[in-house]
Structure formats: C-alpha cells, structure tokens
Amino acid sequence: MTSREQILAKVKSSQPDWRPLPPALTNVQNALSNPVEEFRTVLTNIGGAVIEVDSYEAIAAYIQQEFKDKKRIIATIPELSMMPELSGTIETGWENQDPHSYENVDLAIIGAHFGVAENAALWITEALMHQRVIPFICQQLAVVIRKTEIIPTMHEAYARIGNDEYGFGAFIAGPSKTADIEQSLVLGAHGPKSMTVFLLA
Amino acid sequence: MRYTNLLYLPPLNNDYMTVGLFIPCYIDQFYPNAAIATLNLLKKLGVDVVYPTRQTCCGQPMANSGFEHLTQGCNDLFIDNFSQFDYIVSPSGSCVLHIKDHLHAENNEEKATEVRKKVYELTEFLTDVLKVEQLTASFPHKVGVHQSCHGQRGLMLAQMTELVAAPYSKPMHLLNMVAGLEIVTLNRPDECCGFGGTFCVAEEAVSVKMGKDRVSDHLHNGAEFITAADMSCLMHMEGILRRQKSNVKVMHIAEILNAQEFN
Amino acid sequence: MNTGTKDHAQLSDAFNADEARVNWHDETLWFVRAKRDKAAHNIPEWEALRENASQIKDNVLSNLHDYLVAFEANAQANGIKVHWAANGAEHNQIVYSILQEQGVDRIVKSKSMLTEECHLNEYLEEKGIDVVDTDLGERIVQLAKEPPSHIVLPCIHKKKEEIGELFHEHLGTPEGMSDPVFLTAAARVHLREKFITRKAAITGVNFAVAETGEFVVCTNEGNADMGAHLADVHIACMGIEKIVPERSQLSVFLRLLARSATGQPITTYSSHFKKPRPGQAMHIILVDNGRTTQLGRPDFRNSLKCIRCGACMNTCPVYRRSGGHSYHTAIAGPIGSILAPNLDMKQYADLPFASTLCGSCTNVCPVKINIHEQLYKWRQVIVKEGYADPKKTVAMKAMDFTLSNPSVYKTAGKAGRFVLKHLPFVVSNKLNLWYKQRDMPQPPTQSFGEWYQQNELKNIKKHNNDQ
C-alpha cells in the first residue's frame, strides 16, 4: 500500500460521522457605514498611507513630487505607464525579465481589484502584478484603487472573487512588517518599507 | 422553585425547600469560618439548610490528577449524602464544577444526573435561585475580587474577558449590596492564581509565580482584603501573603456577605 | 529539542530562576493577548464567527477523506505535484528527493510548524543541504541553534541585546547594537541576499481549499512570497487537517486568524497559490504524522481544528511564566499539550499536567477547541496507560480509601490532619513543595464538622427536646 492509500484508508476509518457545513454567516453587523473612511483608518493604523486623488494626472504629479529621487520605478497600470508626463520616470519593457532582476525596483505602482474596509487588504491577482514577485520585492509599493471598489468585509471580498480564475492572488494589507524582536513593530522586513494607496475618486 | 426573594423570613412549614450544605474537605478542615458564614447567610435568608455529616470530598483532587477512575467511592457517597435535597449549595465553585461535570453513579445514573442538576455554588444560588437583591451586610473596606477560574469560566459566575459578550459578575453583584465595601479595579480582572489542585506542588515554580503576580495586582490596586467564591484560590494567595508578611487578608465571599462590621 | 529527561516542571523551574525575565516574558505576551482582545471586541459578531469556523472544521474532519481526494485532483489539474507522507521521516525524504532531482543544495524556508514537528532542518543539514529560515524570528533562533519557543512569535523568549549579540557574531553588526529597527534592517540585507541566490523555497500552508486545489500562506514579512516567487522550485508542506472545503470559507478563517494571533485585522500578506508560475515547479506534501490517529480518538480529534494562531499560548498564565521551551515539543502551550501526547504518550506525559485547567485557552480559541477539557481527559488516559508516577498511584489510592469512608475521614481529619497529609501539599513529594515559597494554612481549633456537631446539632436536638 502506498502512503497515499494508507493515509486515505486511515482517514476514512477514523473520521467521525458526517457533520453538515454551517450556513454562511448572515447579519454581519460589521457592515460598516462608511467603508472608505474605515479603510483609511485601518490602513493608517497598520503603517500604510492613503492619498486621495481625483485623476491619474494627480497620481503622476504626486509620484514626481514624492518619489523624484527614486531610480527604478515600474508600473503595471497602463494609464500611468503610458502617460507622457511620466515617460522619463517610469521604466518600460521591464515585464519579461528574470524575477531576480527586480531586486532594485525602488517603487512599484500596481492596481488592485478591490479593497476591504475592515482590514485595509487589497485583492491583487498576478494579472495586475505582471510578475508575482513585484509587490513583494520592490522597496516601496503603491496601489491604485477606486473609492467605489472599497467593500466592507472579507465576506463580501470572497463573494466578489467567486470562482475567478488566477494562478496566484494575494490580499496585501500595508507594508512588509515584523515585530519579532521584543514585539517592536518595524516596517520593511523583507518587502516594501512603505505602502501608499491612491484612492481614486 | 418555590422560594424567591425572601429576606429574613422563617421557613414556611410545608412548602419550603431544603438545601444540603456541601462543605469541601479543605474548607471543613482549614476554613470553618467560611463554612459557618455560608450556613448563617443561608439561614438568614430563610433557607432550611442541613449539613449531612457523613460528607467528605467531591473527588476532584484525584480526578484532576488523572485518577477519575478512583472517584466512584466519593461519587457514591456524595449521592447518598445529597440526593434527598431540593438544592445542594457549596461555597466552592471548583468543587461544584467538578460535581456538575464529572459526578456519575455506577448503578443509578439517573440519580447522579439529578444531583448534577441541583448543585449550586453559593453566589450562583443567591443570585439565580433566591434572586437576592439586597443584603444588610456591612464591610467598610477596599476589597479585591479574585474571579476563580472554575467558577467564572466553568459555572459562568462572571463574564470572562476572552469573550466578546456583555460583562456581568454574580459575586460582584452581591458584593455591591454590602454597605461600605469598595471593589478595587484590577489590571488583570480574571487571571488564574495558579493554585490548580496538585498543580500547586507538581509545578511549584510556576504556581508560586502565578500566585505572587495575582497577589501583587491586588496589592498595587490598594486592596485590604482579597475575596473569592473559591477558598482554594484564597488559600493559595494567603500562603503567599503570609510569607510576604503582608497585612492584606483573604476572606471568603460568604464571610463578607454575612459581615456586620461598622466604622 | 534535547532536554534529556527533564519535564515541564523542571524546565519551568529553571526558567523561573530569573524572575525579572519571567515578568518581562509574561508582560510581553500579555500585551499580545490584550491586542487580541481589542481586535476581537471590534467585531460584534466575533462569537458567531468562532462558532462558524468551528462548525466548518467539524464538517472538514467528518469528510476529510473526500476533501483530500478532491484537493489532490484539483491541485494536480492546476499543475501542482502532490505527495503523501505517512510520517515525518517520509516527509523529509520527499523534500530531499525533490531537492536532489533539481540539484539544489541551498534553500530558503519560511515558517512551517509542520517542518519543525518533522525536524526537517536537522535532517537536511545532515544531508548537506544549507537551510536558511527566513522568518526573522525563526532566523534568530536558527542562528542561536534553538527551536522556536512560540508558533507565531518564534523568538519571543529572546531579549534584543541577545539578538544584537547573535547578529554581531553572525551578520557582523556592530557590537552592542540592539535597536530592533537597526537589527531588522541588517536582517533584511542578509536575507534578501539569500532570496536572490536560492533556487528552492519551502513554505508552510495555512489553508488548502479542496474545491479549487489552491493553498493560502499568511505572513507579515513577505518572506514566503519572496522565497516562492524567486525560486525555481516551491515545496509547500501541510498537515492533512489544513483543508477547508470551499474558497469562500477563507473569509471566516482570515478574519479570525491574525486577530487571534497578534490583534492585527489581517496579516500583511495572505497569498493564494493556485498554479506554479511558468517555468516553476510547485510541490505539495500532505503529511499525516499521527493526525489520522488523533482523528480516530473521539475525545481528542477536535485538536485537529487548530489553525495555529497561538492565542492559547498568549493567554495561558502557565505558558507566559514557563516559556515555550519548557514544553519540550515543537508546538508549545496548551494546544501543544493536547497534540504531543498523541505522538508519544510517554515522552509527553507531563504536558497535560502543566496546566491549572483555568480554561482561558478554550475561550480565546478561534475554532473553539475545548483545550482544557482535553487536558483533563489526557490526564485520565495517561494514568490509565500507566505513565503516572507509581508513588502518585499509591497516594491516590489512599486518598480514595479515606474519602470514600466518612468515619476514616473524620478520624484522619481532626482539625486539618487529613488535608495536611493529602491535599494537595505532600502528594508523592518528599519535600513539602507548598511550604518552600508559601506559608501553610493555620489549622483551626476545630473543623466545621466538629463545630456543627457542637453547635448546630446540639441546638437542633435541644430544640426538638424542648418541643
């Protein structure tokens, strides 16, 4: 008998009588009255920054102002990467390199499908990352999301994801962090040291 | 339930309940005052209380050590002593919880089930059965309340801080009826004192450290007395207080609810 | 961990030699428990969430066979290679054979308590494989040649000065430097070099979805992702109990996990791995290692609901004052004490007794495992199987005899003699361990029974005679 057969046989003979799945939680009282406000508060609490903007031009201006000393900036959002104002700022043609080569990306600007108010997590699949490692390896991360795409809780989040097809997807909430040394919170463990979320009107 | 909200009324002749007083072994032998206070308090509240003199122990010390299979003798004796009463009341949450969770009979499980249903810890009995809303006790002191774990989490005498649920506390509800008494606020309202039965010697170092920490929370917050619905926790903390030569005393909640001390 | 024959009581006695350090350890973990409380109280439906999670896990355990088969088929359809390991040794061999196939001798590994349980690092090092733990806390204990002392906070027992010394020795940071921000920055440089140069990455698994064949890995640091997305080979190791039926149920568990663990609303990264990236090989190893045995124990199978949040450790007054290493097993604390006896009842016979049965663990548990009730039940099993101290058995039999016979009890019990003899001061202990740091209760002049006889019964008799 292979280990597979052995394990499965033992599971079958050991598992208790069938118990039904509970109905999905209803009456989630945390259906927040103002998801955008909650998202902003939570993201700020976990070390992220929220910038409200009304256009991609405003994002471009912000990047040119705040990240002007950054050498390597990449974006996966066509509205930004194709923007003439950013042509000297944002690198083009980076998408198909060896993932290790992104080690020196100073700032990655990517999109998200939606954000979750209760925990400030943004759902991003690899279609929006172009390369899976991008949101993790960059020194600083910026994410663009429309205000209308902020939903209250994780229950709505998975309802929204549904049966979507993806090879890789992640909820990302704030910058990389650790508190392993005496519970002192330090931002920028391995990944991004900061996370800026552009909330687009 | 035939008897509610009676204060200082003598037992009615026919239509009254009888209560069996269950005094755990270590209270019997070391803290008779807690037992006397329990008896007097119940009598004062008009309850007909009987102390079956052939009682010994609930069997918890053996069961918690892994020897539940040796407790049948204790169980049978307990059932013999107490099955005749309408209620069984005890000034120890831990012993009551043990009976509620683990009392079984070899031959008459129905009887054991009945006993398990009618055993009450004192403050639970006062709050839920007698529905006491006032007391004439007076105890003008600052008191720290130790929420003993078995009473709190096992018998749900008080809401625990772990749960997202409305707070309440039966012991504190009663203590608030005592004139002059001030309950001190603790930094950790419901942390274990570290007694734990045989744990107190089997794991001596941690047990003592837990006891010291619990005591120091009460001391730092200005308690003159530490009270609880469980004498075993108090015995443990008393051992530490006395070793520290502290003036702070432990006192079973029955003694405070029965106190007539005036400034 | 090799602790010789020392048990929890002895190891925690040693831990308590430095009281200031015990205070620091206790307060640090209590701070985490307080953060958990705050996060939980922010969710009005918290208790309903716990109940829901618990019921989902009930369903998982009752239908595990079919879920495992479905997960395997779906994962394979996604292009993931699925392996099955009956025990730790087989798990380790599978990992090694994958590395050998790829010709890899240096790897990175993110946190996986399963690999701790299987002692994978020791095994691979013997085979000449260089393993770098990339979770900061795990890297610290790895450099210190110690096992993690907590499943979520691996080096919670270490002071920053000790970490500074370790980094000075191994990473070349300046001597005496112990600022957490500085040390974390040094670790970042050190570990990013490892991520860039290692061709294989091992990760744990927090949840595996039967319906889709994907698995979820949660970290705050991003180390699992850095490893997995840069490596040519990703090996994910999971216990067979990590299954959830459907993707949508991840909502319940992700709401509970980080809040219970650290009080965060969610971990920074909740990564859903469904398919290998083009050109990458992705493996999953499904490990039994005693889990099916535990599944077959009706009193203890609920322990398999555990999602490894560590909340029971943070709340445990014993864990906080004895440290994770006193449990001498990969998973410390209350949950470890109900898992370990399943693996080796003799070696871990002490653990179910390392508790006051206060019950706090059961009530913080996000999947409502009745931990303290299982501790009580393990005590009964361990005694019945003959792993109790014979002296204790004799003492307990004497106690049973006395307590079953009221007349013997009364003779024994005049003013405290019985209690002094049996309860609980001197049971099978030559030295009186109560008295070492605590005063004895003062025996009163008479017991309550004697008082009652003298006062009440006489009064009653007198009353009856008068009438």
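Trainee: How many helices and strands are there in chain C?
Mentor: Keep in mind that this is a predicted model. Chain C has 467 residues, and 59% of them are buried. Its C-alpha trace spans about 100 × 55 × 45 Å along the principal axes. As for the elements, the count for chain C is 22 helices and 10 strands.

Trainee: In chain C, what percentage of the contacts with a separation of 6 or more comes from residues 24 or more positions apart?
Mentor: Start by setting aside pairs with a separation under 6, since the figure covers contacts with a separation of 6 or more. Then pick out the pairs that sit 24 or more positions apart in chain C; their share is 73%.

Trainee: Moving on to chain B, does its radius of gyration agree or disagree with that of a compact globule, and what is the value?
Mentor: For 263 residues, a compact globule would come out near 18 Å. The C-alpha atoms of chain B fill a box of roughly 50 × 45 × 40 Å, and 60% of its residues count as buried. The radius agrees with the globule value, because chain B has 18 Å.

Trainee: Which strands sit at the edges of the open sheet in chain B?
Mentor: Okay, picture 4 strands with parallel pairing, in the order 6-5-7-8. An edge strand pairs on one side only. In chain B, that description fits strand 6 (182–183) and strand 8 (249–252).

Trainee: And what is the bridge partner of B:Val145 in strand 7 of chain B?
Mentor: Look inside that sheet, where strand 5 (residues 142–146) and strand 7 (residues 225–228) of chain B pair in the parallel sense. The two are joined over 4 bridges. Across from B:Val145, the partner in strand 7 is B:Thr227.

Trainee: Is B:Thr161 buried or exposed?
Mentor: You'll find B:Thr161 in the loop between helix 8 and helix 9 (170–175) of chain B. The cut-off for being buried is 20 or more other C-beta atoms within 10 Å. B:Thr161 has 21 of them within that distance, so the verdict is buried.

Trainee: Which residue of chain C is in contact with B:Thr161?
Mentor: Leave aside the neighbours within four places in sequence. From its own chain, B:Thr161 then touches B:Pro189 and B:Asp190. From chain C, the contact is C:Asp37.

Trainee: Where chain B touches chain C, how many residues on the chain B side are nonpolar?
Mentor: That contact takes 61 residues from chain B and 66 from chain C. Several helices of chain B give two or more residues to its side, including helix 2 (32–44) and helix 11 (204–220). By class, the chain B side has 16 polar and 12 charged residues, and the nonpolar ones number 33.

Trainee: Which element gives the largest share of the side of chain A that touches chain C?
Mentor: Here 60 residues of chain A are in contact with 74 residues of chain C. Among the elements giving two or more residues to the chain A side are helix 7 (154–161) and strand 8 (168–172). The largest share is 9 residues, and the element behind it is helix 1 of chain A.

Trainee: Last one: which residue in strand 9 of chain C is the bridge partner of A:Gly169?
Mentor: Strand 8 of chain A pairs with strand 9 (residues 269–273) of chain C. The pairing is antiparallel and runs over 5 bridges. Opposite A:Gly169, the partner is C:His272.

Definitions and conventions
Residues are numbered from 1 along each chain as its sequence is written. Chains are lettered from A and ligands numbered from 1 in the order in which they are written. This is a predicted model: local features need pLDDT of at least 70, side-chain atom pairs count only at pLDDT 80 or more; totals for chains, interfaces and linings use all residues. Two residues are in contact if their C-beta atoms, placed from the backbone, lie within 7 Å. Two strands pair if DSSP finds at least two bridges between them. The radius of gyration is taken over C-alpha atoms; the globule rule is 2.2 Å times the number of residues to the power 0.38. A residue is buried if 20 or more other C-beta atoms lie within 10 Å of its own, exposed if 12 or fewer, and partly exposed in between; C-beta atoms are placed from the backbone. Ala, Val, Leu, Ile, Met, Phe, Trp, Tyr, Cys and Pro count as nonpolar, Asp, Glu, Lys and Arg as charged, and the others, Gly among them, as polar.
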